[in-house]
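Please consider the following structure together with its sequence. A report on its architecture is given below.

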Amino acid sequence: MEYTSSSVRDFYDLMKPRVMSLVIFTSFVGLVLSPVKIHPFIALISILCIAIGAGASGVLNMWYDSDIDRLMKRTINRPIPAGNINKNEALTYGMVISAGSVVIMGILINWSASFLLAFTIFFYAVIYTMWLKRRTMQNIVIGGAAGAFPPIIGWLSTGAPIAIEPIILFFIIFLWTPPHFWALAIVTSSDYEKASIPMMPNVVGNDYTKRQIVYYSIVMSISVIAPYYIGMVSILFLIPAIILSVVFIIISLQLYKSSDEQKQKKHSKRLFLYSILYLFLIYILFLIDYFYKSYLGGVNFL
Amino acid sequence: MSNNDLNNNKTKKDIFLSNRRKKSQAIAIILFLLVVIFFVTTILQLISNISQ
């Protein structure tokens, strides 16, 4: 008899826990910034459903991509290529938790948030993973939308109607995704080449990619400043956000100017790591600004 | 089949059984939590509706 050794831990790893933690955080910010307040327990259930939905799309991604995950150093230890879980188990698991998170969100929270959660899972698993990822070098530009929806889902889960604020939260992540992933793609370009994934550095080279990273960094920085001009945040948000964005642009310019391969990889790694910290801090600033205005009266500095 | 093969197979079987037990426990905990979540949410929504 053949024994497979899938453990609880493997099923947990299949849900991409690091991506899930980002989704939990950004949806939490969307939920907190909403003008409609809900019971903390209901809020917790909303975030749980969003996190499981995000995990489900991660499972479906790993199920579909198991053939190319086997070829790349970065992904070879994932549960399916490592032989801990077979593909059918992963597919069943992904479908069950997708449906479960959407239905539970619909029944217990509301159906508009549930619909957007279902759309997000569909977008990531079908539009990005099955369609765009292996066909176009703009894969993560369009696919990045899937990672940008959680703050809107968090906002909708309170029952508040859609407004400009969650759309800005969406655009910040949407515009942050390309420089973040292209920085990683420059470091791991040989991996992507082995798997024949048309990431930008593999298709048009590092120079073009580095230029695109600078453009996106600038546009993203404008989107980060935008909330101040619509009155969504105070200067308490604006000043640190500008400093963080300027640092982002400086690091991307350092990458742009670096010519030899060693330096390019070094600056790419730096940009990749900084971009994670950047998004986290920008969203933390939204929370600080919100709590400052709500509980400390929002003294006007200017 | 040699003794080594038998021992190896037995160890694999033990790991398989232990993993299966843990997965069953995880499913049981998740189902229990779902019951609690549905119950508490229903009560909270009832309270909210009554207070309105």
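The report moves from the overall fold to domains, core, selected helices and loops.

## Overall architecture

The model is predicted. Chain A contains 14 helices and zero strands, and read from the N terminus every element in the run α-α-α-α-α-α-α-α-α-α-α-α-α-α is a helix. The C-alpha trace of chain A spans about 70 × 55 × 25 Å along its principal axes. For 302 residues, a compact globule would be expected to have a radius of gyration near 19 Å, and the 20 Å of chain A agrees with this.

Of the 302 residues of chain A, 46% count as buried. Among the contacts in chain A with a separation of 6 or more, 73% join residues 24 or more positions apart.

## Domains and their contact

The domain assignment divides chain A into domain 1 (1-161) and domain 2 (163-302). The C-alpha centres of domain 1 and domain 2 of chain A are 22 Å apart. Their contact draws 26 residues from domain 1 of chain A and 24 residues from domain 2 of chain A.

On the side of domain 1 of chain A that touches domain 2 of chain A, helix H2 (17-33), helix H7 (139-148) and helix H8 (150-156) each supply at least two residues. By residue class, this side of domain 1 comprises 17 nonpolar, five polar and four charged residues.

## The nonpolar core

Where does the largest nonpolar core lie with respect to domain 1 and domain 2 of chain A? Both domain 1 (1-161) and domain 2 (163-302) give residues to this core, so the core lies between them. The core has 85 residues, of which Val59(A) and Leu117(A) touch the most other members. Helix H3 (residues 40-64) of chain A provides the largest share, 15 residues.

The surroundings of Leu117(A) can be listed individually. Apart from neighbours within four places in sequence, Leu117(A) is in contact with Cys49(A), Ile50(A), Gly53(A), Ser101(A), Val102(A), Met105(A) and Ile153(A).

## Helix H12 and its surroundings

Helix H12 (residues 206-229) of chain A has 24 residues, which at 1.5 Å a residue should span 34 Å; the end C-alpha atoms of this helix are 35 Å apart, in agreement with that expectation. The buried residues of H12(A) are Asn206(A), Thr209(A), Lys210(A), Ile213(A), Ser217(A), Met220(A), Ser221(A), Val224(A) and Pro227(A). These buried residues pack against helix H9 (164-187), H11, helix H13 (235-257) and helix H14 (261-295) of chain A. Just after H12(A), Gly231(A) adopts a positive phi of about 80°.

Pro227(A), one of the buried residues of H12(A), has its C-alpha atom 9.2 Å from that of Ile164(A), although the two are 63 residues apart along the chain. Ile164(A) belongs to helix H9 of chain A. Ile164(A) is exposed, with 12 other C-beta atoms within 10 Å.

## Asp191(A) in helix H10

Is Asp191(A), a residue of helix H10 of chain A, buried or exposed? Asp191(A) has 20 other C-beta atoms within 10 Å and is therefore buried, since the cut-off for a buried residue is 20 or more. Leaving aside neighbours within four places in sequence, Asp191(A) is in contact with Met72(A), Lys73(A) and Arg74(A). The C-alpha atoms of Asp191(A) and Thr75(A) are separated by 9.4 Å, with their positions 116 residues apart along the chain.

## Loop residues with positive phi

Most residues other than glycine have a negative phi. Lys16(A) has a positive phi, near 50°, and is placed in the loop between helix H1 (8-13) and H2 of chain A. Lys16(A) counts as partly exposed because it has 19 C-beta neighbours inside 10 Å.

Ser196(A) likewise has a positive phi, about 55°, without being a glycine. Ser196(A) lies in the loop between helix H10 (189-194) and helix H11 (200-204) of chain A. With 10 other C-beta atoms within 10 Å, Ser196(A) is exposed.

## Contact with chain B

Ten residues of chain A are in contact with twelve residues of chain B. The chain B side of this contact consists of six nonpolar, two polar and four charged residues.

Note on methods:
Residues numbered from 1 in each chain as written. Chains lettered and ligands numbered in written order. Predicted model: local features only at pLDDT ≥ 70, side-chain atom pairs only at ≥ 80, totals over all residues. Helix = DSSP H or I, 4+ residues; strand = E, 2+ residues; numbered from the N terminus. Rg over C-alpha atoms; globule rule 2.2 N^0.38 Å. Contact = placed C-beta atoms within 7 Å. Domains from an automatic or database assignment. Nonpolar A, V, L, I, M, F, W, Y, C, P; charged D, E, K, R; others polar. Core = buried A, V, L, I, M, F, W, Y, C linked by C-beta atoms within 7 Å. Expected span 1.5 Å × (residues − 1).
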